Amino acid sequence: MVFIESARLHARRGLTLRWTILFALAADLITLALYRLVWAAIYAGRPTLQDMTLADMSCYYALSLCVTALCSTRIDRDISRGLLDGSFTSLLLRPAHPLLLLASQKAGPALLRMLTNCLPLLLVCALALRLPPPSSPAAAALFAAGVTLAFWTKMSVDALAGLCAFYTRGAEGVTHAKDFVVAFLSGALVPLSFLPPGLAEAARLLPFAAVVDLPLQLYRRGLTPETARALALGALWCALLAAANQALLRAGLRRHAAFGG
């Protein structure tokens, strides 16, 4: 119950930042327009690349922006900052797991972003780019499951980066490197099918593919043997990352000292 209340309170706090919501939506629309201009130059008049038309690529990036916005929690910065200024210790005094409490604080604003940023962006893309709906109701349900898995996978990866602050003075360098690796290997920067075959196959075996590539594959193709295997692998990685976070938290707390009063 404490996690639900925490998510609700942080979502309501986000509603007070109306200009931030509008600027975020405008930024997403500008980013999508720039992606389309860049890929129009890459296509150079060719009808398809890797069996994707320019319209398909624009729709891909529209969905990618939505998933990325939902999964952008910055929990790594919160953990790192809390370990440096001692505020993380206050989480340990509450009757709830500190990482789950932080996750609930991020889940509420993520749901708010879905309503205020992602749905309007998809509506604009449906009208302007003729974004096709999921191939079936089952594909829509699978896409929702894939986005949920993407959120928890990205949250776990971010938390691991933030917990590195137990062993370093801050984790800014780790988080910046992590952001690039996740963006590249998840398919957010460029679809994984455009990477060299060996690198694309290796990327799909890593947890980062569950952040963007897997939800979009579920949206476009529904349940196939390939997407079913990717979904099972993503769930396995999510469980392993959660266990790694717990182990790193316990090890870090044994050496952590906070001073104040």
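In this predicted model, a search of the whole structure finds eight aromatic pairs. One of them joins Trp39 and Tyr43, whose ring centres lie 6.3 Å apart with the planes at 65°, so this pair is edge-to-face, given that planes over 60 degrees apart are classed in that way. Both residues belong to helix H2, which spans residues 18-43, and because Trp39 and Tyr43 are four residues apart there, about one helical turn separates them.

The surroundings of these two side chains can be described through their accessibility. Tyr43 has a relative accessibility of 2% and therefore counts as buried, and Trp39, at 8% relative accessibility, counts as buried too, the cut-off for that class being under 20%.

Trp39 also takes part in a pair with Phe194, in which the ring centres are 5.3 Å apart and the planes stand at 75°, so that this pair is likewise edge-to-face. The contact links distant parts of the chain, since Trp39 sits in helix H2 whereas Phe194 lies in the loop between helix H8 (172-186) and helix H9 (197-204), 155 residues apart. Phe194, with a relative accessibility of 23%, counts as partly exposed, whereas its partner Trp39 counts as buried.

These pairs can finally be placed in a wider setting. Trp39, Tyr43 and Phe194 are members of one aromatic cluster, which also includes Tyr35, Tyr60 and Tyr61.

Terms used
Residues numbered from 1 in each chain as written. Predicted model: local features only at pLDDT ≥ 70, side-chain atom pairs only at ≥ 80, totals over all residues. Heavy atoms only, no water. Phe/Tyr/Trp six-rings, centres within 6.5 Å; stacked < 30°, edge-to-face > 60°. Helix = DSSP H or I, 4+ residues; strand = E, 2+ residues; numbered from the N terminus. Buried < 20%, exposed > 50% of the residue type's maximum accessible area, 1.4 Å probe, protein only.
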